[in-house]
Amino acid sequence: MTSRGASDVVDLRARALAVLVGNHRAGYTVPAEGLYPYQWCWDSGPIALGWAAAGKWDDAWTELLRLLSAQWASGMVPHIVFWESCDDYFPGPEVWGTSHTPPTTGITQPPLPVSSAARLFVADPDRDRARAMLAAMWPGLVAWIGWIARARRGPHGGCVIVHPWESGMDNAPCWDAPLEHAPTASDPHLERRDVATVAAAHRPTDHDYRRYLGIVERLRAAGWDTEEQAAVSPFAVEDVAFTAIAARAASDLGQVARDVGEDPAPLDRFAAEARAALTALWDDDAGWFRPYDVRREAPLGPLTAGGLVAVWAGGVDAARVDRMLERLDGWATAAPFGVPTCDPTAPAFDPERYWRGPAWVLVNWLVADGCARSGYAERAEQLRASTLALVARAGFSEYYDATTGQGIGGHGFSWSAALTLAW
Ligand code: DGY
């Protein structure tokens with residue numbers, strides 16, 4: 001590497017760390033100033049890895065501990081923890097009305113922080129701290145996986161999400177069809193704050209928001225019973241990416257269980273079942289994994305990044321990975337920045353609108369890591385290099401126009417910065 005190249009890397013790392021520091025609050029890190037002013041569940045996973053990569057181990061562990069301190073008695077970890085009151089965000093705690101302390105939403109997100117806890121445990125050079133932190137978190141991590149395994153199983157044994165927000169890929173086009181069957185909010189007036197900072201064309205539509213809120217109202221009316229949500233929600237989808245992330249979380253935790261003298265068997269069992277469920281979600285005609293609408297008993301399209309995130313689980317048949325990567329190569333002419341979140345040839349593809357096309361650092365990283373673990377080292381390196389080139393050029397944006405690479409959505413986005421550090 002030339003000295004110019006080395007100084008560029010140092011500069012990129014310094015800028016990434018500055019983003020995390022700027023978004024750091026008391027023991028947790030907001031995804032982006034203003035736009036997302038609380039702690040988000042799955043964001044905490046990559047954020048913790050970013051702190052660790054910067055050598056800030058205490059901040060890394062605290063990020064995860066803080067999230068778990070908001071866990072519900074059932075084991076469910078909420079998708080947002082409203083640590084401070086703030087007018088910048090809608091829907092806030094009064095819309096959710098969960099009566100939890102601290103105030104939280106009443107739905108979850110993919111359990112990516114579980115895999116981060118396992119990764120921190122393996123990598124932390126201070127072994128006493130690693131053991132103490134993992135011990136403090138262990139019951140919560142196991143209870144989280146236990147709740148998913150118990151309360152969120154679909155007909156194929158995969159994981160059921162009861163709201164598009166639970167996927168983390170809020171407005172992915174594969175939710176369009178089930179969302180049309182969801183009730184709309186009783187109050188058609190929306191207090192949206194997101195479109196004050198981000199162009200409305202880059203965010204979910206009002207049409208979608210009315211249904212997001214309609215599902216929240218239904219779940220609220222059902223009393224936020226986290227054992228019953230999969231039965232009562234008007235939206236119930238067995239999701240590929242959530243299942244893959246849960247499978248990997250359980251297997252990562254099973255690995256460290258052996259090191260700390262805990263029983264890996266229930267974790268390994270769930271990981272195996274979730275991986276088997278992914279196999280059932282494979283669509284051999286499409287050559288892609290597809291989520292499944294539990295209410296209407298039908299696989300969902302179009303092809304989205306969530307299907308490819310299956311590789312993060314590990315253990316996906318090589319012939320299937322080959323077929324997906326071949327298709328991804330075909331998409332690269334139209335959308336050359338790693339993994340577009342939707343098939344660019346699908347009518348629903350929108351290169352700028354949130355999860356309907358743009359490239360995301362997290363998705364590229366999940367796919368690259370899954371590829372590396374499945375023996376596709378060259379592909380992993382290619383995704384790493386192109387993602388780092390993207391952030392170096394366009395900044396630590398929330399997402400990137402899939403056709404131009406322009407940074408859009410929120411700026412100074414924590415996981416884009418954190419994964420730059422970790423990568
Ligand atoms: C948002 O507000 O856009 C979040 O993604 C919902 O969790």
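**A tour of the ligand site**

Begin by selecting Tyr89 and the ligand: a side-chain N or O atom of Tyr89 is 2.6 Å from an oxygen atom of the ligand, a polar contact, that is, a pair of N or O atoms within 3.5 Å. The model is predicted, with local features requiring pLDDT of at least 70 and side-chain atom pairs counted only at pLDDT 80 or more, while totals for chains, interfaces and linings use all residues. Residues are numbered from 1 along each chain as its sequence is written, and side-chain values use heavy atoms, with hydrogens and water left out.

Next, select Asp170, which places a polar side-chain atom 2.5 Å from an oxygen atom of the ligand. Then add Trp40, where an N or O atom of the side chain is 3.1 Å from a ligand oxygen. Taken alone, the ligand exposes 230 Å², of which the protein buries 96% (Shrake-Rupley method, 1.4 Å probe).

Now display the residues around the ligand, with a heavy atom within 4 Å of it: Tyr36, Trp40, His79, Tyr89, Trp165, Asp170, Arg203, Tyr209 and Tyr354. Colour this shell by class to find six nonpolar, one polar and two charged residues; Trp and Tyr count as nonpolar, Asp and Arg as charged.

Finally, show the whole protein chain as a cartoon: 18 helices and 10 strands appear (DSSP runs, H or I of at least four residues and E of at least two). The radius of gyration of the protein chain, 20 Å, is close to the 22 Å of the globule rule for 423 residues, so the chain is as compact as a globular protein of that length (C-alpha atoms; 2.2 Å times the number of residues to the power 0.38).

How values were computed
Polar contact = N/O pair within 3.5 Å; in protein donor to acceptor, adjacent residues only side chain to side chain.
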